[in-house]
Amino acid sequence: MKTTVSLEVTDIKQKIPLASSYKKKLRTISPLIGILIVILFYYLVPNKLDLQTTNVYPAILSFLALIYILLLIIARRNENLKIKLDEKAPLMFVIALFLTLWDGLTLKSGHLPLPYFPWPDKILNAFIKDRNVLGISILHSLRLLGVGYFFGVVIGFITGVAMGWYKKVHYWINPLMKAVGPIPAVTWIPLIMILFPAGIFGSSFLIFLAVWFPVTLMTSSGIANVRNAYFEVGRTLGANERFLVLKVAIPAALPNIFLGLFQGMSVACATLIVAEMLGVKAGLGWYITWATGWAEYDKVYASIFLILITFSSIITLLFKLRNKVLSWQKGVIKW
């Protein structure tokens, strides 16, 4: 009797890791299953209306599936890539289900009315059809964003350091910060249109204004909150004021400064779309306004997704820069 029970327990223990292994493999290939569901749903479920469809959507999904398979092959020899794929797999599967639901609510059932809610294939075709205009628009948007963000960061950083280090500067600028800072940048549009008749200058100034406040605020806060012990050690070793500012205060305040950079970029991206309505002749915001005027909402969604991809990439680059610059603080602060 004891032998039989022992064998059953051993059998159960052997089955547990086996089931866990199957579950892990299923999790890894779940994005491929999701893509297969999307493609089968697209081809097999009849359309509610007699609408023109193409093979662009399933072709792109198939290409993404091939890339994922290639990554899985590489991940067999790359443990870091394997961990990342396992981590992202459920998210990618849910995105595939969302695409299936999107197709079901638009192309297949018509519950979401046209032209306000186009289906994914139509949006992808808008990308291809207007790729030249979208390419020019994104270059203009990046130029406008770059100019406004650069000057906002530079002036905001200088102002923040001065406010955090010198009490007199803080005394005079702080009231301006309290008065102007909380006001959304877009509310200054009527005044900016008068001060800057040329659209590109007014748009750049609007982005500058949106970036300047968070960068100044976080930089001054970081400088002001540096521990006095750091300065006392520096003075004991003979450091002058310039050395204390450049080599002690600013490095110690970098976590706060990067928070200001992130906040500034987020606000700048939101302000950019509004800023491009101030007489600018090109840009993603201009493109959205133009497409909406012609009720071509597939192009509107195409530009929105392009904005999402572009600005997410910029934020990711900022994070990578932060990780590199603040690598010496790993283990000291939470990432």
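What percentage of the 335 residues of the chain count as buried? The figure is 38%. Keep it in mind as you click through this predicted model.

**Stop 1: the whole chain**

Start with a cartoon view of the chain. You will find 13 helices and zero strands, so there is no sheet to look for, since the chain follows the pattern α-α-α-α-α-α-α-α-α-α-α-α-α along the sequence. Now switch on contacts between residues at least 6 apart in sequence: 74% of them join residues at least 24 apart.

**Stop 2: helix 2**

Select residues 30–44, which make up helix 2. This helix has 15 residues, and 21 Å separates its first C-alpha from its last, close to the 21 Å expected at 1.5 Å a residue. Colour its buried residues next: Ser30, Pro31, Gly34, Ile35, Val38, Ile39 and Tyr42.

Stay with Tyr42, because it is buried at a relative accessible area of 5%. What sits over the ring of Tyr42? Show Lys108 as sticks, and you will see its charged end there, 5.3 Å from the ring centre.

**Stop 3: rings**

Now for the aromatic side chains. A search of the whole structure finds 13 aromatic pairs. One of them joins Tyr42 and Tyr43 edge-to-face, with 5.4 Å from centre to centre and 75 degrees between the planes. Tyr42 is buried, whereas Tyr43 is partly exposed, with a relative accessible area of 47%.

For another pair, select Trp102 and Phe305: this one is tilted, at 6.0 Å centre to centre and 40 degrees between the planes. Trp102 belongs to helix 4 (residues 79–108) and Phe305 to helix 13 (residues 297–325), so this pair ties together parts that are 203 residues apart in sequence. Trp102 is buried at 14% relative accessible area, while Phe305 counts as partly exposed at 31%.

Before leaving the rings, add Tyr57 to your selection: ring pairs link Tyr42, Tyr43 and Tyr57 into a cluster.

**Stop 4: helix 3**

Tyr57 leads into helix 3, so select residues 56–75. Its 20 residues should span 28 Å at 1.5 Å a residue, and the end C-alpha atoms are 28 Å apart, which agrees.

Which residues of helix 3 are buried? They are Tyr57, Pro58, Leu61, Ala65, Tyr68, Leu72 and Ala75. These residues cover an arc of only 90 degrees around the axis, which puts them on the same side of helix 3. Rotate to the other side of the helix, and there you will find Phe63, Leu66 and Ile73 exposed.

**Stop 5: Leu107**

Go to Leu107, in helix 4. Is this residue buried or exposed? Leu107 is buried, because its relative accessible area is 1%, under the 20% cut-off.

Now show what surrounds the side chain. Leaving aside neighbours within four places in sequence, Leu107 is in contact with Tyr42, Asn47, Lys48, Leu49, Leu51, Thr53 and Trp119. Tyr42 from the earlier stops turns up here again. For a distance to check in your viewer, pick the C-alpha atoms of Leu107 and Val45: they are separated by 9.8 Å, although the residues are 62 apart along the chain.

**Stop 6: charges around Lys299**

Side chains of opposite charge can pair when their charged atoms come close. How many salt bridges does a search of the whole structure find? The search finds two.

Select Lys299 and Asp130, whose side chains meet in a salt bridge with 3.4 Å from N to O. Lys299 is in helix 13 and Asp130 in the loop between helix 5 (120–129) and helix 6 (131–165), so the pair links parts of the chain 169 residues apart. Both residues are buried.

Next add Glu296, which forms a salt bridge with Lys299, the closest N and O atoms being 3.2 Å apart. Lys299 counts as buried at 7% relative accessibility, while Glu296 is partly exposed at 23%. Through shared partners, the salt bridges join Asp130, Glu296 and Lys299 into one network.

**Stop 7: Ser303**

Finish on Ser303, also found in helix 13. This serine counts as buried, at 0% relative accessibility. Not counting residues up to four places away in sequence, Ser303 touches Leu134, Tyr287 and Ile288.

Definitions and conventions. Residues numbered from 1 in each chain as written. Predicted model: local features only at pLDDT ≥ 70, side-chain atom pairs only at ≥ 80, totals over all residues. Heavy atoms only, no water. Phe/Tyr/Trp six-rings, centres within 6.5 Å; stacked < 30°, edge-to-face > 60°. Buried < 20%, exposed > 50% of the residue type's maximum accessible area, 1.4 Å probe, protein only. Helix = DSSP H or I, 4+ residues; strand = E, 2+ residues; numbered from the N terminus. Lys NZ or Arg CZ within 6 Å of the ring centre and 35° of its normal. Contact = heavy atoms within 4.5 Å. Expected span 1.5 Å × (residues − 1). Arc of directions from axis to C-beta. Salt bridge = Lys/Arg side-chain N within 4 Å of Asp/Glu carboxyl O.
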